[in-house]
Amino acid sequence: WEDGYFSKVASVVGGPPLQQWLICAATLSCVGMFEAKLCSSAYLLCGMASRGFLPSWLAMRSAHGTPTRGILLSALAIPLLASCSFSVVTEIINCVYAVATTIGFAAFLWLRWKRP
């Protein structure tokens, strides 16, 4: 397996039209996943701000109910991460995941102790 393997298989099976269709479908799929992740993280930031865990300016929404400031903040993080190498991004993600897991486990222990 290597990069571009599926497009090569599509070219062999269905010729260049199938290869181009597969590349376009994969591109649109990646864009859709990116947009979904961007919007979900923006709503997460907005929800945390409305509960007082983040600054209140992130809780403000547009006239349509969209958390515009959360979207902009999330969108600013993408170029910063894109400028890093893959190994640095992987290390950052692993560190954030470890901290989140530790906080979640600490919350579990605290709740178990305080509210058995």
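Start by selecting Arg61: setting aside neighbours within four places in sequence, you'll find this residue in contact with Tyr43, Cys46, Thr66 and Pro67. Keep in mind as you click around that this is a predicted model.

Where does Arg61 sit? Its place is the loop between α1 and α2. Colour by accessibility and Arg61 comes out as partly exposed, with a relative accessible area of 46%. For a sense of scale, draw a distance from Arg61 to Ala25: the two are 36 residues apart along the chain, and their C-alpha atoms are separated by 33 Å.

**Next, select residues 5-50**

This is helix α1, which has 46 residues. Its end C-alpha atoms are only 46 Å apart, though, while a straight helix would reach 68 Å at 1.5 Å a residue. Where does α1 bend? Zoom in on Gly14: the helix bends there by about 140°. Show Pro16 as sticks too, since this proline follows within four residues of the bend. Then slide along to what comes after α1, and you meet Gly52, whose phi is positive, near 95°.

**Now pick out the buried side of things**

Still in α1, select Ser7, Ala10, Gly15, Leu38, Ala42, Leu45, Cys46 and Ala49, which are buried. Cys46 should look familiar, as one of the residues in contact with Arg61. Which helix do the buried residues of α1 pack against? Bring up residues 68-82 and you have it: α2.

Stay with Ser7 for a moment. Is Ser7 buried or exposed? Its relative accessible area is 14%, and buried means under 20%, so Ser7 counts as buried. Leaving out neighbours within four places in sequence, the contacts of Ser7 are Gln19, Leu22 and Ile23. Now draw a line from Ser7 to Ala82: the pair is 75 residues apart along the chain, with 25 Å between the C-alpha atoms.

**Flip to the surface**

Switch on a surface view and select Tyr5, Phe6, Val9, Val12, Val13, Leu18 and Trp21. Together these residues make a nonpolar surface patch of about 760 Å². Click on Tyr5, which is found in helix α1. This residue is partly exposed, with a relative accessible area of 36%.

**Last stop: α2**

Select Leu80, which is found in helix α2. Why does Leu80 count as exposed? Because exposed means over 50% relative accessible area, and Leu80 is at 60%. To finish, draw a distance from Leu80 to Thr101: the two are 21 residues apart along the chain, and their C-alpha atoms are separated by 24 Å.

Key:
Residues numbered from 1 in each chain as written. Predicted model: local features only at pLDDT ≥ 70, side-chain atom pairs only at ≥ 80, totals over all residues. Heavy atoms only, no water. Helix = DSSP H or I, 4+ residues; strand = E, 2+ residues; numbered from the N terminus. Expected span 1.5 Å × (residues − 1). Bend = angle between axes of the 7 residues up to and from the residue. Buried < 20%, exposed > 50% of the residue type's maximum accessible area, 1.4 Å probe, protein only. Contact = heavy atoms within 4.5 Å. Patch = residues over 30% accessible without salt bridge, like charges linked within 9 Å, V, L, I, M, F, W, Y side chains within 5 Å. Areas by Shrake-Rupley, 256 points an atom, 1.4 Å probe, with all protein chains shown as cover. Salt bridge = Lys/Arg side-chain N within 4 Å of Asp/Glu carboxyl O.
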